[in-house]
Amino acid sequence: MDTVMTTERIQSDDALVRYLPDKPKLVTLPSGADVKMTAEGVNVFYGEKQALDDISIDIHSKQITALIGPSGCGKTTFLRCLNRMNDVVDGCRITGRITMDGEDIYAPKVDVVSLRGQVGMVFQKPNPFPKSIFENVAYGPKIHGYAHGNDELEEVVVRSLNKAGLFEEVKDRLQEPATGLSGGQQQRLCIARAIAINPAVLLMDEPCSALDPIATARIEDLMWELKENFTIIIVTHSMQQASRVSQRTGFFHMGVLAETGTTEQIFQNPVDARTRDYITGRFG
Ligand SMILES: Nc1ncnc2c1ncn2[C@@H]1O[C@H](COP(=O)(O)OP(=O)(O)OP(=O)(O)O)[C@@H](O)[C@H]1O
Ligand SMILES: [Mg+2]
């Protein structure tokens, strides 16, 4: 895989930038990049209403892909196609093809529970279970049978909390209710819960929208570390966040994927006028 290093950061007046360490950005060139998931001609209907129209995109392995676009353009709908969360939405119909490692995830033989074990999701609003901090993280490995015995389970919980950058803050209160954590801690707990089952792909739907700049910076740092092992797709309304964390960006507009490319290209030299208008704040 061809990679180039650049220390260039997209300039912005966003105060969040100053909280972030100045990391070099690893940009993977499109040629020869591994593709983890592919959507080909995906359409989504809610009843009669078409929410997504002919979406095709490659999701590159061990990179962060940002999905941006105005409210209601279909970002969450698309994210939910990738782990078949739309299966449980009444009246939702999907056509087209989505593959992971070349295999159709909508094929009849696919076990949806195990698919969701491989494609984890973190939601906009932290949604810890009404259980202890420990149990929140232990739940997935238990039901998927990834940990045998208490020692192994404890090891997975500690490792996941550590990876999510939360362990030090909660190590003395693991048996206390997760709902007692702050919003930012709850979001990191949900990330720990998602990564505890070692998914290959992590879907994050506006994971920082309810967080303060410091908690946001921690989660962005964390994503940067996680992408060494995981393929991440993040939906965000923050242009600064997309430009800081992602290597590739897709711009949705009214149900179509108007433009995809490297994040540098999308933010510095967008081809589509709609992308240019959106990232320069002319609409949306
Ligand atoms: N369960 C549903 N039933 C009917 N229509 C839906 C449903 N979920 C989403 N939609 C519609 O599909 C379109 C895309 O919605 P979606 O939630 O994917 O947008 P989004 O880009 O994530 O927006 P936002 O940035 O506000 O989260 C919208 O018109 C929305 O009203
Ligand atoms: Mg959404």
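A polar contact is a pair of N or O atoms within 3.5 Å, and by that criterion serine 71 qualifies, since an N or O atom in its side chain is 2.5 Å from an oxygen atom of ligand 1. The structure discussed here is a predicted model, and the distances that follow are to be taken as properties of that model.

Two threonines add to the polar contacts of the ligand. In the side chain of threonine 76, an N or O atom is 2.8 Å from an oxygen atom of ligand 1, while for threonine 77 the separation between a polar side-chain atom and a ligand oxygen is 2.5 Å. Considered alone, ligand 1 exposes 640 Å², of which the protein buries 65%.

The shell from which these contacts come holds 15 residues, and those that come nearest to ligand 1 are Ser71, Gly72, Lys75, Thr77 and His237. By residue class the shell comprises 5 nonpolar, 6 polar and 4 charged residues. Helix H1, spanning residues 75–82, and strand E4, spanning residues 49–60, each contribute at least two residues to this shell, and the largest share, 4 residues, is that of H1.

Strand E4 leads from the ligand to the sheet, since the strand that helps to line the shell also belongs to an open sheet of 4 strands, ordered E4-E3-E6-E7 and paired in the antiparallel sense. Because E4 and E7 each have a single partner strand, they stand at the edges, and one side of each is left without a neighbour in the sheet.

Within the sheet, strand E3 (residues 35–46) and strand E6 (residues 92–100) run antiparallel and are joined by 8 bridges; in this pairing, glutamate 40 has arginine 97 of E6 as its bridge partner. On passing from E6 to strand E7 (residues 103–104), one finds antiparallel pairing over 2 bridges, with methionine 100 bridged to glutamate 103 in E7. E6 and E7 form a hairpin with 2 residues between them, and in its turn aspartate 101 has a positive phi of about 50°.

The confidence of the prediction remains to be considered. The mean pLDDT of the protein is 88, and 88% of its residues reach 70 or more, whereas over residues 1–32 the pLDDT stays under 50, although the model has 67 contacts beyond four places in sequence for that segment. Where pLDDT is low, the predicted coordinates should not be read in detail.

Key: Residues are numbered from 1 along each chain as its sequence is written. Chains are lettered from A and ligands numbered from 1 in the order in which they are written. This is a predicted model: local features need pLDDT of at least 70, side-chain atom pairs count only at pLDDT 80 or more; totals for chains, interfaces and linings use all residues. Side-chain values use heavy atoms; hydrogens and water are left out. A residue is near a molecule or strand if one of its heavy atoms lies within 4 Å of it. A polar contact is a pair of N or O atoms within 3.5 Å; within protein, one must be able to donate a hydrogen and the other to accept it, and residues adjacent in sequence count only if both atoms are side-chain atoms. Accessible areas come from the Shrake-Rupley method with a 1.4 Å probe; for residues, only the protein chains shown count as cover. Ala, Val, Leu, Ile, Met, Phe, Trp, Tyr, Cys and Pro count as nonpolar, Asp, Glu, Lys and Arg as charged, and the others, Gly among them, as polar. pLDDT is the predictor's confidence in each residue, from 0 to 100. Contact means heavy atoms within 4.5 Å. Two strands pair if DSSP finds at least two bridges between them.
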